[in-house]
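Colleague: Got a minute to walk me through this model? I'd like to go through its pockets, its rings and its core.

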Amino acid sequence: MYSYLLTGIAAGIASSILYVSGSIGTSLSLFLYFLAPLPLFLAGLGWGAKSAGAGAVIGMVVAIFIAGLTGGVVYFISIGLIPVVLCHYALMSRSFDDDTQPSPPANSRRDWYPLGHLILWIAGFAAVMTTIFILFILPSTPELKSSLEVLFGALLDQNPELKTRLGGEDAVPQMVGTFISLLPVTFASYTFVMATANLWLASKIITASGRAIRPPFETSAIFYPPLLPLVLAGLLVATFLPGFIHTIALAATASLSLAFIFLGIVVVHAIVPNVPVRPMFFAMFYITVIVLLKYAYIALVLVGIAETIFAIRQRYSNPPPPNTPGPPPTIRDG
């Protein structure tokens, strides 16, 4: 009866340990920190959002015990909260067969909360998290600059040739300024990728275990609201405004752009025909994306926007993605 609670407690302890391991500073610890939300996603997708919520609370308590009050609060906001919200919405559904029945049959087909909407929740969460991060970082910008100057100065002193190529003594201030100006983009992008990757990995693991409440996510079914490109355009305009608005708009633009990049990759996979050279094509495609990162970024954003406006997959893919669902689904108790 209370298996969801026990699972949540175990997931919270594991998640908090992964979170605290990030303070060690090694490459392995950073990788473990990246996986900190995974136990909560597993509990949420397999035992319900209440299990993930219990895990988030327990994880915060453990993090407070290990890393202090600030560490526990940061854990709950940056790691614990998003799995609870995403699992809550991911497990919402409605019956296809008969919406008028108070208790639909267990074997009835169900319409689940769209994956595209979950991706947008992640983008919004990344923007909000970055906003909170900047609020805490901006007051200590002088101390941050001093620390970064020491760090970059030590790195360049060990590489005199690189220091010369970057401008000599002026290289350190330039590197510090660039790093701070890119903090909103970097933090928003990292948060988006971390949440998306852990949600996808948890779905794969929980589906393979046979414990999944909802069917596996189908990336081919991702769609966004038609007006979303206008939101991105408005955020781009806001990035030209001064001060704090610029910082927040930059973070929101980065996270929403990643959502469109995700959709752009899905579109490319959908429209490329299933021919023998398909694996080779995608190998070259991803190599090109890595090599031409900035231009590939822009191109995939444009593909995602074009899909949202013109429904490219419905014209060129076979079979086309499902239509947009109607009224909001209702919660199904797992």
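Colleague: Which element gives the largest share of the lining of the largest pocket?

Modeller: Keep in mind that this is a predicted model. The elements that give two or more residues to that lining are α1 (3-21), α2 (27-34), α4 (49-90), α5 (115-137) and α9. With six residues, the largest share comes from α4.

Colleague: And what volume does the largest pocket have?

Modeller: Its lining counts 21 residues, and the closest to the centre are Tyr-19, Tyr-33, Val-74, Ser-78 and Phe-187. By class, the lining divides into 16 nonpolar, five polar and no charged residues. The volume of this pocket is about 610 Å³.

Colleague: What about closed spaces: how many cavities of 30 Å³ or more are there?

Modeller: Rolling a probe the size of a water molecule over the atoms shows where empty space is left. A cavity is a space where the probe fits but cannot get out. Going by that rule, the count of cavities of 30 Å³ or more is one.

Colleague: Which helix gives the largest share of the lining of the largest cavity?

Modeller: That cavity has a volume of about 50 Å³. Its lining includes Leu-45, Ser-203, Ile-206, Thr-207 and Arg-214, and by class it has seven nonpolar, two polar and one charged residues. Three of the lining residues, the largest share, come from helix α9 (residues 183-208).

Colleague: Now the rings. How many aromatic pairs does a search of the whole structure find, and is the pair of Phe-281 and Phe-285 stacked or edge-to-face?

Modeller: A pair of aromatic rings is described by the distance of the centres and the angle of the planes. The search of the whole structure turns up eleven aromatic pairs. For Phe-281 and Phe-285, the centres are 6.4 Å apart and the planes make 15°. Planes under 30 degrees apart fall in one class, so this pair is stacked.

Colleague: Is Phe-281 buried, partly exposed or exposed?

Modeller: Phe-281 shares helix α12 (residues 278-291) with Phe-285, four residues away, about one turn of the helix. Phe-285 has a relative accessible area of 15%, which is under the 20% limit, so Phe-285 is buried. Phe-281 comes to 37%, between the limits of 20% and 50%, so Phe-281 counts as partly exposed.

Colleague: Phe-282 and Phe-285 form a pair too; what kind is it?

Modeller: Phe-282 and Phe-285 are three residues apart in helix α12, so about one helical turn separates them. Phe-282 is buried, at a relative accessible area of 7%. The ring centres of Phe-282 and Phe-285 are 6.2 Å apart with 90° between the planes, and over 60 degrees is the cut-off that applies, so the pair is edge-to-face.

Colleague: Which residues do ring pairs link into a cluster with Phe-281?

Modeller: Phe-281 pairs with Phe-285, and Phe-285 pairs with Phe-282. A tyrosine belongs to the cluster as well. Linked with Phe-281 are Phe-282, Phe-285 and Tyr-286.

Colleague: Last one: which residues touch the most other members in the largest nonpolar core?

Modeller: In the protein chain, 42% of the 334 residues count as buried, and the largest nonpolar core has 62 residues. Leaving aside neighbours within four places in sequence, Phe-192 is in contact with residues including Ile-119, Ile-122, Ser-255 and Leu-258. The members that touch the most others are Phe-192, Tyr-224 and Phe-260.

Technical notes:
Residues numbered from 1 in each chain as written. Predicted model: local features only at pLDDT ≥ 70, side-chain atom pairs only at ≥ 80, totals over all residues. Heavy atoms only, no water. Phe/Tyr/Trp six-rings, centres within 6.5 Å; stacked < 30°, edge-to-face > 60°. Buried < 20%, exposed > 50% of the residue type's maximum accessible area, 1.4 Å probe, protein only. 1 Å grid on protein atoms, 1.4 Å probe; cavity = no way out; pocket = protein on both sides within 12 Å on 5 of 7 lines; lining within 4 Å. Points joined across faces, edges and corners; volume = space filled by probe spheres on them. Nonpolar A, V, L, I, M, F, W, Y, C, P; charged D, E, K, R; others polar. Core = buried A, V, L, I, M, F, W, Y, C linked by side-chain atoms within 4.5 Å. Contact = heavy atoms within 4.5 Å.
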